[in-house]
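Student: Could you take me through one part of this model in detail? I would like a close look at a single helix, set against the rest of the chain.

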Amino acid sequence: MADVVGKLEEEALRRKNRLRELRGKRLHDEQQSTINDESTPVPKPVFRNYKPETEEFQEPTATDDHAGIVEKEVGTHLEMMQTPIVIEEIDIANLAPRKPDWDLKRDVSKKLEKLERRTQKAIAELIRERLKAGQEQDILQAVNIATSATTASVEQQNLSDD
């Protein structure tokens, strides 16, 4: 039992010594920090969202100078707004609403152009075949049919665009 008490006392002494050393280090660090604080300047705070109330942090602001310029600018805009605006010409096409299918026509127009070219080629090919076959009498009819078909398709396209 004496051994146990002796070990407990030794451990208590070691703890006391460790605590003394830690206190000494802390005091030493505090002294060093106060010395460093005195030698280095304190950084100036940056106030972005509000104006500080104390005079030592307030800086001269240039907002007063800008206020006069802004007031003049607003005054000139107000004077311009008071004068009546005269519209000389009104474009009726801009006032009229678009047809409900204008976007479909826009999207399909490229495809229609390709189809138109293909039909023209097909008509020309048919005419050539008939010429080769020796049907000279029907040549005039084929040419008339081809021209009437192209004019009809152009007229139909013009009507659909309107």
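Tutor: Happy to; what follows is a walk along helix α4, with the rest of the protein as its setting.

Let us begin with the whole. This is a predicted model, with a mean pLDDT of 78 for the protein, and 75% of its residues reach 70 or more. The protein has five helices and zero strands, so read along the sequence the pattern is α-α-α-α-α. Buried residues make up 2% of the 162 residues. The protein exposes about 16000 Å², and carbon and sulfur atoms supply 56% of that area.

Now for α4 itself. Among the elements of the protein, α4 has the highest mean pLDDT, 87, while helix α3 (residues 92-95) has the lowest, 68. Helix α4 covers residues 102-133, which is 32 residues. How far apart should its ends be? At 1.5 Å a residue, the expected span is 46 Å, and the end C-alpha atoms lie 45 Å apart, so the two values agree. The expected figure counts 1.5 Å times one less than the number of residues.

That agreement sits alongside a bend: α4 has a kink of about 40°, centred on Ser109. After the helix comes Gly134, whose phi is positive, near 90°.

The side chains of Arg106 and Asp107 deserve a look as well. These two meet in a salt bridge, with N and O 3.2 Å apart. Are the partners buried or exposed, or in between? Asp107 has a relative accessible area of 45%, so this residue counts as partly exposed. Arg106 has 47% and is partly exposed too, because the class runs between 20% and 50%.

A search of the whole structure finds two salt bridges, and the other partners are found in helix α1 (residues 2-39). There Arg14 pairs with Glu10, the closest N and O atoms being 3.8 Å apart. Arg14 and Glu10 are four residues apart, about one turn of the helix. Glu10, at 45% relative accessibility, also counts as partly exposed.

For a view of a nonpolar surface, turn to helix α2 (residues 63-82), where Leu78 has its place. Leu78 is exposed, because its relative accessible area is 51% and the cut-off for exposed is over 50%. Together with Val70 and Val74, Leu78 makes a nonpolar surface patch of about 260 Å².

To return to your helix: α4 is the element with the highest mean pLDDT, its end-to-end distance agrees with the expected span, and its kink is centred on Ser109.

Key: Residues are numbered from 1 along each chain as its sequence is written. This is a predicted model: local features need pLDDT of at least 70, side-chain atom pairs count only at pLDDT 80 or more; totals for chains, interfaces and linings use all residues. Side-chain values use heavy atoms; hydrogens and water are left out. Patches are made of residues with over 30% relative accessible area and no salt bridge: like charges are joined within 9 Å, nonpolar side chains (Val, Leu, Ile, Met, Phe, Trp, Tyr) within 5 Å. Accessible areas come from the Shrake-Rupley method with a 1.4 Å probe; for residues, only the protein chains shown count as cover. A salt bridge is a side-chain nitrogen of Lys or Arg within 4 Å of a carboxyl oxygen of Asp or Glu. Helices (H or I, at least four residues) and strands (E, at least two) are DSSP runs, numbered from the N terminus. Buried means under 20% relative accessible area, exposed over 50%, partly exposed in between (1.4 Å probe, protein chains only). The bend at a residue is the angle between axes fitted to the seven residues ending there and the seven starting there. pLDDT is the predictor's confidence in each residue, from 0 to 100.
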